[in-house]
Amino acid sequence: MPLSQTLLTRIALDITSGLSHRDRFARLVDTVKANLGCDAAALLEFRDRHFVPLATAGLAEDVAGRHFAIDSHPRLEAIARAGDLVRFPADSALPDPYDGLIPNQEDRLHVHACIGLPLFDDEKLIGALTLDAFDPQRFDNLGTMELRALGALSAASLKNALLLDKLERVSLLGQGSREANNDSPPMVGNAPVMESLRQEILAVAGTDLNVLILGETGTGKELVARAVHQASPRAGKALVYLNCAALPESVAESELFGHVKGAFTGAISHRSGKFETADKGTLFLDEIGELPLGLQAKLLRVLQYGDVQRIGDDRSLKVDVRIIAATNKDLKQEVLAGRFRADLYHRLSVFPLHVPTLRERPEDLGPLCGHFLEQSRKSLGLSVLRIRPDALSRLKNHDWPGNVRELEHVIKRAATLARAASDDGAVMIEPQMLAIGGQSASVPVQSPAAVAQVEGKNLKEATDAFQAAYISQVLSANRGNWASTARALGLDPGNLHRLAKRLGLK
Ligand SMILES: Nc1ncnc2c1ncn2[C@@H]1O[C@H](COP(=O)(O)OP(=O)(O)OP(=O)(O)O)[C@@H](O)[C@H]1O
Ligand SMILES: [Mg+2]
């Protein structure tokens, strides 16, 4: 079907109309798909050598959460390099990133028509529009000039959206602040509850207020903490992490505040604490609900006066630290029960952020699956990793008490099982590979000794391999929750933390 002047005009009007960016982009790809006879169309943003889907039509819903690294998707890399539209030959040997992701197309996309339009802001690549059709001749009479015009329209719309996003961010962060960079892992999900969370993150990031992040286990509190720091004027300084649960009381004070040489037996040199390390930056106190009462009093003092005293030192040091705390406990309840100081609670909870459970945002399940599938695909070195629609429905019917972390574990585990069950690089996750709802995946569970592969190892290496395999199993049985894993293994959480780190599990 030729790309008529009228259609281009309609697209131009569509994407300048007063809709939200998301709706506008959705309309763009829908119009393109319907009018050019594509089986799939997608608008992608280019960010840090990745193409990130902004809107798709005709593609599986998990595509929305897949961030395609150009280094592992040669077709996208070709588009990123091209400088102009790319028409791939119908029999091109380059794998298609949407391979297996176009519903009702079980076969791989061997021969098909495919066009990529790179989108530019001046010289800078900001995105791409991709068109795919099963009929290899489908795009033959689309003129190059018209396609370029379509590309230019899409680019203008995308550029505008990115500019507005940036302005919004800058005004929320206040003057002179750095732009948020992309060091932290992406927060996937566009459910309204997530959009409001993002707005709140941006709003608080520009201030120096303490932030208290609340939410059930596995909802993404740590991700939120990173996002606040990254979007704040302190982003160029340290984000120091301290897990209050993994902190034996005996060393906690020195961890937080440091000590001077000779302050206590074993204090053989000066040591600065987390507060000093975090000076001008952010201190993230994770699992704050586990902080012993004695230390709560000391922490309160620092928050009130902004100075710390190393153990064994009379002098105090001024520090400029922004506190972000997180907990999955109901801190108010802890206050009522006398386990958490009310005054500290009030100091910390100036700006509470509630991270929604997965149950509150069912529409994000598909994109989150896509995100973890793409991660697994990469780490397992597969060319294609997809999930059968009935397996995705099973995931949708589960209620996810362990939230995003549980989902991540279920998918990563299923991906490993699926790979073992497949004999080429294209792997499909089947429903029975999903260990959810207390059921184990119906692939025989091996004893950790069998999984550990100890052959040819010395005793130390074999022991490590066994420990790693056993801890991983207990961890996945506990939905990735480290605290309950420690309980199940009869270990102190701090010791488990250190052991897991040494074994490379964390
Ligand atoms: N919105 C999201 N997008 C992508 N990944 C996410 C998202 N939310 C959580 N995750 C992933 O899920 C896992 C758990 O997240 P995180 O550690 O931040 O949870 P948490 O709320 O701190 O859990 P806990 O209370 O058990 O400490 C991490 O691997 C994180 O990267
Ligand atoms: Mg956490």
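**Exercise 1. Find which backbone and side-chain atoms pair with the oxygen atoms of ligand 1 in this predicted model.**

Step 1. Start at Glu222: one of its backbone N or O atoms lies 3.0 Å from an oxygen atom of ligand 1.

Step 2. Go to Thr219. A polar backbone atom there is 3.3 Å from an oxygen atom of the ligand.

Step 3. Turn to side chains. Glu408 places a polar side-chain atom 2.5 Å from an oxygen atom of ligand 1. Alone, the ligand exposes 640 Å², and the protein buries 86% of that.

**Exercise 2. Describe the shell around ligand 1 and place it relative to the domains.**

Step 1. Count the shell: 19 residues surround ligand 1. Val188, Thr217, Gly218, Lys221 and Glu408 are the closest.

Step 2. Sort by character. Seven are nonpolar, six polar and six charged.

Step 3. Assign helices. Helix 6 (221-230), helix 12 (365-380) and helix 14 (403-420) each contribute at least two shell residues.

Step 4. Assign domains. Ligand 1 lies between domain 2 (192-355) and domain 3 (359-502), because both give residues to its shell.

**Exercise 3. Decide whether Gln296 is buried or exposed, then list its polar partners.**

Step 1. Locate Gln296: it sits in helix 9 (residues 293-305).

Step 2. Check accessibility. The relative value is 0%, so Gln296 counts as buried; the cut-off is under 20%.

Step 3. List contacts beyond four places in sequence. Gln296 touches Leu291, Arg339, Phe340, Arg341 and Leu344.

Step 4. Pick out the polar pairs. A polar side-chain atom of Gln296 lies 2.8 Å from the backbone nitrogen of Arg341. For the backbone oxygen of Arg339, the distance to a polar side-chain atom of Gln296 is 3.3 Å.

Terms used
Residues are numbered from 1 along each chain as its sequence is written. Chains are lettered from A and ligands numbered from 1 in the order in which they are written. This is a predicted model: local features need pLDDT of at least 70, side-chain atom pairs count only at pLDDT 80 or more; totals for chains, interfaces and linings use all residues. Side-chain values use heavy atoms; hydrogens and water are left out. A residue is near a molecule or strand if one of its heavy atoms lies within 4 Å of it. A polar contact is a pair of N or O atoms within 3.5 Å; within protein, one must be able to donate a hydrogen and the other to accept it, and residues adjacent in sequence count only if both atoms are side-chain atoms. Accessible areas come from the Shrake-Rupley method with a 1.4 Å probe; for residues, only the protein chains shown count as cover. Helices (H or I, at least four residues) and strands (E, at least two) are DSSP runs, numbered from the N terminus. Ala, Val, Leu, Ile, Met, Phe, Trp, Tyr, Cys and Pro count as nonpolar, Asp, Glu, Lys and Arg as charged, and the others, Gly among them, as polar. Domain bounds come from an automatic or database domain assignment. Buried means under 20% relative accessible area, exposed over 50%, partly exposed in between (1.4 Å probe, protein chains only). Contact means heavy atoms within 4.5 Å.
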